[in-house]
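Q: Got a minute to go through this one with me? I'd like to start with the charged side chains.

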Amino acid sequence: MQRLKLEKSGFVPREDISSERVLKLENDHDLLSDPVNFGQLDVILLTFPAFKDGRAFSQARELREQGFHGDIRAVGALFRDQ
């Protein structure tokens, strides 16, 4: 499985993942009205700005329903058991 490492600037792709193939989505991005062209993407990072803000869970479901089969990663205020 391909992995990303965390640095001060955020997620930085390792050598086996091109930075052009990683997309970070803010949690207010509406995937229904503005779908993502994920044809060449390996990883999509979904933002959790606050513990109580779960909109990125809905984004993850919508990405799968639209056919994205790559890695979906959580970034921000999230506990592992969520």
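**Salt bridges and fold**

A: Sure. Arginine 21 has a relative accessible area of 34%, so this residue counts as partly exposed. Bear in mind that this is a predicted model.

Q: Which side chain does arginine 21 meet in a salt bridge?
A: Aspartate 42. The N to O distance is 2.7 Å.

Q: Where do the two sit in the chain?
A: In two loops. Arginine 21 is in the loop between β2 (10-13) and β3 (22-25). Aspartate 42 is in the loop between β3 and β4 (43-48). They are 21 residues apart, so the pair links distant parts of the chain.

Q: And aspartate 42, buried or exposed?
A: Buried. Its relative accessible area is 15%, and the cut-off for buried is under 20%, which is why aspartate 42 falls in that class.

Q: How many salt bridges are there in total?
A: The structure holds four.

Q: Which residue pairs with glutamate 65?
A: Arginine 61. The closest N and O atoms of that salt bridge are 3.5 Å apart.

Q: What element are they in?
A: Both lie in helix α1, residues 55-65. They are four residues apart, about one turn of the helix.

Q: How do those two class by accessibility?
A: Glutamate 65 is exposed, at 56% relative accessibility. The cut-off there is over 50%. Arginine 61 has 47%, so it counts as partly exposed.

Q: What about aspartate 71?
A: Its side chain meets that of arginine 73 in a salt bridge. The N to O distance is 3.0 Å. At 21% relative accessibility, aspartate 71 is partly exposed.

Q: Why not buried?
A: Because buried needs under 20%, and aspartate 71 comes out at 21%.

Q: Switching topic. What does the fold consist of?
A: One helix and five strands. From the N terminus on, the order is β-β-β-β-α-β.

Q: How much of the chain is buried?
A: Of the 82 residues, 30% count as buried.

Q: And the accessible surface?
A: About 5,800 Å² for the protein chain. Carbon and sulfur atoms hold 50% of that.

Q: Last one, on contacts. What share comes from residues 24 or more positions apart?
A: They account for 52% of the contacts with a separation of 6 or more.

Technical notes. Residues are numbered from 1 along each chain as its sequence is written. This is a predicted model: local features need pLDDT of at least 70, side-chain atom pairs count only at pLDDT 80 or more; totals for chains, interfaces and linings use all residues. Side-chain values use heavy atoms; hydrogens and water are left out. Buried means under 20% relative accessible area, exposed over 50%, partly exposed in between (1.4 Å probe, protein chains only). Contact means heavy atoms within 4.5 Å. Accessible areas come from the Shrake-Rupley method with a 1.4 Å probe; for residues, only the protein chains shown count as cover.
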